[in-house]
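Here is a friendly set of notes to read alongside the model. Keep the 3D view open and find each element as it comes up.

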Amino acid sequence: MHGEYKVPGGKLVVVDVDVEDGVLRHVRVAGDFFLEPDEALDAVNGALEGAPADTDAAGLAARVDAALPEGTVMYGLTSEGIGIAVRRALAHATDWTDYDWQLIHDGPQSPALHMALDEVLTAEVAAGHRPPTLRVWEWGAPAVIIGSFQSLRNEVDAEGAARHGVRVVRRISGGGAMFVEPGNTITYSLSVPQALVQGLSFQDSYAYLDDWVLGALGGMGIRAWYQPLNDIATDQGKIAGAAQKRLVAPHGGPGAVLHHVTMSYDIDAGKMVQVLRIGREKLSDKGTRSAKKRVDPLRRQTGLPREAVIERMIDSFRTRYGLTEGKVTDEELARAEELARTKFSSPKWTARVP
């Protein structure tokens, strides 16, 4: 069995392993990381040899840590990353480059239709009817997008939203509320087969699926990192938030994960605090006393037009994994338009948690 895992912000870890009588055998760890002294690699392999095959990633990492020679130095490698690579091998996980990725980047669409397209396209990936897809959104109107489990009245100031013409929609994934305006926001979705994140914990899957965009931001001169559970941050502050939803195919398809990210290119912070109810507890959790300081937009950090930021992100993804131009099929669009009307524009759905 073969497993690979790129340590977020680090290097690739590759594990080849067999399972015999319920334990790991013939473990071989490799990769483009740096490790000193040389004999530390033998210690890693030896620590994993004979481990019960159902040991989780944390347990495997503990075995590695206990076996490393004193003074071992790892660069681009962590014991946790080794454990995850083993679990991915045992789960027969796939890699980004195992797929033919498709790009969808259409013109502006309504907030409700965006919610519906996420659900429909990811369901098609889950059923094995669509290739893994990167969809870049263009917003047709300002909106507040609330998480699947958030209270509508607790998160949104209804009077403020009405005054500014901001539509409120609820998405199918969890997480927090996002304030978006067409020229100030960059949003994308990844609809990926479940096998791509097999063997990863929920938290690790966020870091794994965000790694490519950290590289893209680095190419624009921004030192960004994944901040658990679902933020992308820089020295200047948060620039993006992610959310996920797992979808299971009804007739035994491979299943899929929806991972979408909203990034602040620019922001009207004054309007945001009139539309969103940002409580003291959330501000405290983010380590700041002002909502206006929580987000640091890409426009200021890059100096690039929004369209150029998006183009560089797409180019970075294409360089890493390959990417061909695609489109929403007529059937997918018809289903999404129906869902946008009957579900995502419905007061019953939007206020399902009042």
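1. **An unusual backbone angle in a strand.** Since its relative accessibility is 41%, His26 counts as partly exposed; buried means under 20% relative accessible area, exposed over 50%, and partly exposed in between, with a 1.4 Å probe and protein chains only. His26 lies in strand 3, and its phi is positive, near 55°, although the residue is not a glycine. Helices here are DSSP runs of H or I with at least four residues, strands are runs of E with at least two, and both are numbered from the N terminus.

2. **What kind of model this is.** The model is predicted, so local features need pLDDT of at least 70 and side-chain atom pairs count only at pLDDT 80 or more, while totals for chains, interfaces and linings use all residues. Residues are numbered from 1 along each chain as its sequence is written, and side-chain values use heavy atoms, with hydrogens and water left out.

3. **The sheet around His26.** Strands 1, 2 and 3 make an open antiparallel sheet in the order 1-2-3; two strands pair if DSSP finds at least two bridges between them. Strand 1 (2-6) and strand 3 (23-31) are the edges with a single partner strand each, so one side of each has no neighbour in the sheet. Strand 1 is joined to strand 2 (residues 12-20) by five bridges, and Gly3 has Val15 as its bridge partner. In the loop between strand 2 and strand 3 you will find Asp21, a non-glycine residue with a positive phi of about 55°. Asp21 counts as exposed because its relative accessibility is 82%.

4. **Two cis peptide bonds.** The bond from Glu36 to Pro37 is cis, with omega near -5°. Pro37 sits in the loop between strand 4 (34-36) and helix 1 (39-48). Another cis bond joins Pro228 and Leu229, with omega about 0°; Leu229 belongs to the loop between strand 12 (224-227) and strand 13.

5. **A hairpin that leads inward.** Strand 13 (residues 231-234) pairs with strand 14 in the antiparallel sense over four bridges, and the two form a hairpin with two residues between them. Thr234 is the bridge partner of Gly237. Nine of the eleven residues of strand 14 (residues 237-247) are buried. Eight bridges then join strand 14 to strand 15, again antiparallel; one of the pairs is Gly241 with Thr262.

6. **A strand covered on both faces.** How much of strand 15 is buried? Nine of its nine residues are, so strand 15 is largely enclosed by the rest of the structure. On one side the buried residues are Ala256, Leu258, His260, Thr262 and Ser264, and on the other Val257, His259, Val261 and Met263. In a regular strand, side chains alternate between the two faces of the sheet. Strand 15 also pairs with strand 11, antiparallel, through nine bridges, and Ser189 stands opposite His260.

7. **Helix 11 and its two faces.** Helix 11 (residues 306-321) has 16 residues, and at 1.5 Å a residue it should span 22 Å; its end C-alpha atoms are 23 Å apart, which agrees. The expected span is 1.5 Å times one less than the number of residues. Its buried residues are Arg306, Val309, Ile310, Met313, Ile314, Ser316, Phe317 and Tyr321. Viewed down the helix axis, these residues fall within an arc of 155°, so they line one face; the arc is taken from the directions from the axis to the C-beta atoms. Glu307, Glu311 and Thr319 are exposed on the face turned away from that buried side. After helix 11 comes Gly322, with a positive phi near 80°.

8. **The nonpolar cores.** A nonpolar core is a set of buried Ala, Val, Leu, Ile, Met, Phe, Trp, Tyr and Cys residues joined through side-chain atoms within 4.5 Å. The largest one has 69 residues, and Trp96, Trp101, Tyr188, Trp212, Met263 and Met313 have the most contacts inside it. Helix 7 supplies the largest share, nine residues. Apart from this core lies another, of 23 residues, including Leu121 and Val169.
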